[in-house]
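Let's take a walk through a protein model, starting on the inside and working outwards. Have a look at the picture before reading on.

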Amino acid sequence: MIETSRYISNTVQELQPSGIRRFFDLAANMEGVISLGVGEPDFVTSWNVREASILSLEQGFTSYTANAGLIELREEIGSYLSSRFSINYHPKHELFVTVGASQALDLALRAIINPGEEVIVPEPCFVAYGPLVTLSGGKPVPLATNVKSDFKLTVEQLEKSITPQTKALLLCSPSNPTGSVYSKEELQEIAAIVDKNDLLVISDEIYAELTYDDTFTSFASLEGMKDRTILISGFSKGFAMTGWRLGFVAAESKLLASMLKIHQYSMMCAPTMAQYAALEALRNGLEDVEAMKKSYRRRRNLFVESLNEMGLTCHHPGGAFYAFPSISATGMTSEQFAEQLLLQEKVAVVPGHVFGPSGEGFIRCSYASSLEHLQEALNRIQRFLKK
Ligand code: PMP
């Protein structure tokens, strides 16, 4: 037997496994658990979308597509971005299809980062951001936000964290894990700083379709920002297509070409049958997206109101499908709270600290679960708090 761990790169050895994993493993070995832990829709992908994919297989479309994806799909994505978010991207030169928003994020970072360059990452945030920056050779610069600013970065904070090494800001709106949504005015203020300091913005808009109160503003649609923005999005959340692994990236043509260079060597193209599904989702699926959004909004209203009533103060999440209530009044750490809630009442939530130290004192609950499950989870949480 040889000791294989010595072959593993220093960067990967130093990478910490995601803190969410431990809870999944714990919950997986228990029966009767209600999970508010996973970050994915509880809807099955619409039938017409699944059928379009099946049809593509029946027709024998099982080869690679162009590296950038089916041209019909790129054209549909271009029209979708234009009609939905008022941004125009050329389907041949300014966008391409990826394996989920995850790959798009990875490509964006690898295409722009030189060793040691910094990427500002407002926290609490999606667990992959920091590790992806590190793997691209960059340095993540966490920026702690708090509930007073609705977990959004302030321009003062942003200005303070910029150094000569700063290359980009990684922005997520609506946010995982907080559900916060930046208003157009807030984004404009950020855009002014970005412009003044000659930065790029990687704008993760994977939850754009799930914005409940105000209209969603895409960062690239702000004046002067299209060339400074790498727009990341996809089908996983709004279209309930997590398992299809389909996303896209849109950016100025030279930036886009640099990402496509990596994509063509590392991935070739996104799965063909999933691309046919996405084509149908864009052509005939937007009504279903609207219906799912309505359902999430109802559940958000019920869930967040109930949490507040039982003393778990929760700021108002304007988008995504997460509530991020404070558990600090219980005197427990978020890890203790999540662990005890799971062991005693069999409700799985995610402790806030896994999304960055500023998430400590909070838990993330996904309300993408049936109303009955949510009500039962709320009953159990209430009972847990009484104990
Ligand atoms: N960005 C954020 C903020 C997310 O929450 C997720 C999924 N949890 C992703 C990106 C990745 O999405 P995809 O399934 O498209 O890779």
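## Ala108 and the core

Start with Ala108: leaving aside residues up to four places away in sequence, Ala108 touches Ile202, Ile230, Ile232, Val249 and Met259. Keep in mind that this is a predicted model.

What is the largest nonpolar core made of, and which residues have the most contacts inside it? It has 116 residues, and Ala108, Ile232 and Val249 are the ones with the most contacts there. Helix α5 gives the most to this core, with 8 residues. The core also draws on both domains, taking at least three residues from each of domain 1 (4-45 + 287-386) and domain 2 (47-284). As a rule of thumb, nonpolar side chains in soluble globular proteins tend to be buried together.

## Around the ligand

Now find the ligand, which has 13 residues around it. The closest are Gly100, Ala101, Ser102, Asn176 and Ser236. Helix α5 turns up again here: this helix, residues 100-112, gives the most to the shell, with 3 residues.

What kinds of residues make up that shell? You'll find 8 polar, 4 nonpolar and 1 charged.

## A three-stranded sheet

Last stop: an open sheet of 3 strands, in the order β9-β12-β11, with antiparallel pairing. Why is one side of β9 and of β11 left without a neighbour in the sheet? Both β9 (322-323) and β11 (350-351) stand at the edges and have a single partner strand each, so one side of each has no neighbour there.

Zoom in on β9 and strand β12 (residues 363-366), which pair in the antiparallel sense over 2 bridges. Here Tyr322 stands opposite Ser366 in β12.

How values were computed: Residues are numbered from 1 along each chain as its sequence is written. This is a predicted model: local features need pLDDT of at least 70, side-chain atom pairs count only at pLDDT 80 or more; totals for chains, interfaces and linings use all residues. A residue is near a molecule or strand if its C-beta atom, placed from the backbone, lies within 6 Å of it. Helices (H or I, at least four residues) and strands (E, at least two) are DSSP runs, numbered from the N terminus. Ala, Val, Leu, Ile, Met, Phe, Trp, Tyr, Cys and Pro count as nonpolar, Asp, Glu, Lys and Arg as charged, and the others, Gly among them, as polar. A nonpolar core is a set of buried Ala, Val, Leu, Ile, Met, Phe, Trp, Tyr and Cys residues joined through C-beta atoms within 7 Å. A residue is buried if 20 or more other C-beta atoms lie within 10 Å of its own, exposed if 12 or fewer, and partly exposed in between; C-beta atoms are placed from the backbone. Domain bounds come from an automatic or database domain assignment. Two residues are in contact if their C-beta atoms, placed from the backbone, lie within 7 Å. Two strands pair if DSSP finds at least two bridges between them.
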